[in-house]
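Dear colleague,

I am passing on the structure we spoke about, and below it I have set down what I found when I went through it. Please read the notes with the coordinates open beside you.

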Amino acid sequence: EISMNVYDELQLNQAGSKQLIKKAQSRRDKLRHSLIYLFKVLITVAFCMVFVMAYGAVFQNDNSIVGVVVLLCILVFRQADLGIDARHSLLSLAVIFGILAFAPKAAAVTAPLPSFLIHLASIFTLMFLGCHNVVMFNHATLVLSYLLLFGYDVSGTSYLYRLAGLLLGFLLTAAVFYRNHKNSSYKRNLSHLFDEFDLSSSRTRWYLTLTFGVSTLLFVSQLTGLPRPMWAGIAAMSVLAPFRKDQKARAYARIPGNLAGGALFCVIYSVMPASLHPFIGLLGGVGVGFSATYGWQSVFNSLGAIYVAADILTLPGAVFFRIFNNALGAVYALVFAWLFGKALDYLAAHSSAKARNA
């Protein structure tokens with residue numbers, strides 16, 4: 001019984017674990033729940049590190065980011081579904097991984113306008129096929145994966161290894177997904193996704209808002225030569241949640257979170273011996289593991305991102321653009337969502353009036 005209870009606790013997210021610790025009646029129970037929580041964070045970070053390092057070792061270090069993408073997909077889709085029949089979901093996953101394999105590469109090596117069109121088509125397809133069940137927040141995995149692969153582009157032999165890594169990733173994700181969801185019953189199949197696409201639907205409006213919001217921001221970023229445009233895109237994607245109230249809360253948390261993350265990085269970088277600087281990303285991962293709120297996750301996510309970018313942008317530049325790009329993405333997302341919502345309202349009203357007159 002104790003073993004099952006421990007197992008159940010290990011399945012909780014950060015907020016659930018912290019709530020359990022808070023509600024503990026005795027000091028002994030509080031200590032027990034705290035130790036289980038600590039153990040969960042440590043084994044999760046250790047597993048993620050080993051998985052990503054193994055992927056880098058097999059498919060070249062330039063493709064460690066593929067390990068991150070595959071790991072995200074496996075961890076998410078072992079629990080989340082696509083809202084349609086499991087067999088049809090496998091077809092959707094095949095298309096999704098096909099997009100991840102080729103579209104970010106094509107967008108990274110073309111001029112801003114064709115790149116914008118690739119972003120539009122790719123992000124919309126990811127949303128359409130993978131985000132029908134909006135409460136699963138699958139966009140936070142699928143669009144994030146697309147933007148990471150776009151931002152960490154490779155070429156030549158490394159790209160061939162990337163394709164192989166993504167193929168293996170699809171097979172692993174599909175196997176885990178089918179094993180966990182094959183016995184679930186669904187009212188919808190793939191054709192229903194097309195039937196339910198409607199501009200009057202809040203789901204459809206969200207698809208379009210996120211797609212055009214992220215794509216236009218990437219277009220402007222590429223036109224202006226903004227360093228690390230994927231940071232702005234990821235910030236916009238993250239803020240453009242399905243529900244308006246979540247959008248505002250995320251924007252208000254992300255901006256100060258990245259400010260604090262930049263400041264924390266500078267402190268750690270200055271006091272930590274140079275030989276230990278490569279572990280700053282690991283420290284950030286542990287911090288994210290202990291973070292139950294979006295704001296604190298933004299703080300610790302900054303550490304690894306700034307460290308990686310410091311080699312390209314220098315330290316002051318990496319810190320500045322991490323803060324600036326995230327603030328830009330968050331503000332842009334809020335403004336775009338409001339304006340685009342007004343435009344969709346106008347189109348819907350115009351279409352209704354036209355239909356009545358007809």
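Serine 115 has a relative accessibility of 0%, and because anything under 20% counts as buried, this residue is classed as buried; please bear in mind throughout that the model is predicted. Serine 115 sits in helix α6, which covers residues 112-130, and its side chain reaches the backbone oxygen of alanine 107 at a distance of 2.9 Å. If neighbours within four places in sequence are set aside, the residues in contact with serine 115 are Ala107, Thr110, Phe150 and Gln222.

Turning to the nonpolar interior, the largest core has 75 residues, and those that touch the most other members are Phe77, Met127, Tyr146, Leu147, Leu210, Val214 and Met237. Helix α14, residues 294-357, supplies the largest share of this core, with 12 residues. Val214, one of the residues just listed, touches Ile123, Leu147, Gly233, Ala236 and Met237 once residues up to four places away in sequence are left out of the count.

Helix α3 may also be worth a look. With 33 residues (27-59) at 1.5 Å a residue, α3 should span 48 Å, and its end C-alpha atoms are indeed 48 Å apart, so the expected and computed values agree. The buried residues of α3 include His33, Ile36, Tyr37, Lys40 and Val41, and further along the helix Phe51, Val52, Tyr55, Gly56 and Phe59 are buried as well. Just after α3, glutamine 60 adopts a positive phi of about 80°.

With best wishes

Terms used
Residues numbered from 1 in each chain as written. Predicted model: local features only at pLDDT ≥ 70, side-chain atom pairs only at ≥ 80, totals over all residues. Heavy atoms only, no water. Helix = DSSP H or I, 4+ residues; strand = E, 2+ residues; numbered from the N terminus. Expected span 1.5 Å × (residues − 1). Buried < 20%, exposed > 50% of the residue type's maximum accessible area, 1.4 Å probe, protein only. Polar contact = N/O pair within 3.5 Å; in protein donor to acceptor, adjacent residues only side chain to side chain. Contact = heavy atoms within 4.5 Å. Core = buried A, V, L, I, M, F, W, Y, C linked by side-chain atoms within 4.5 Å.
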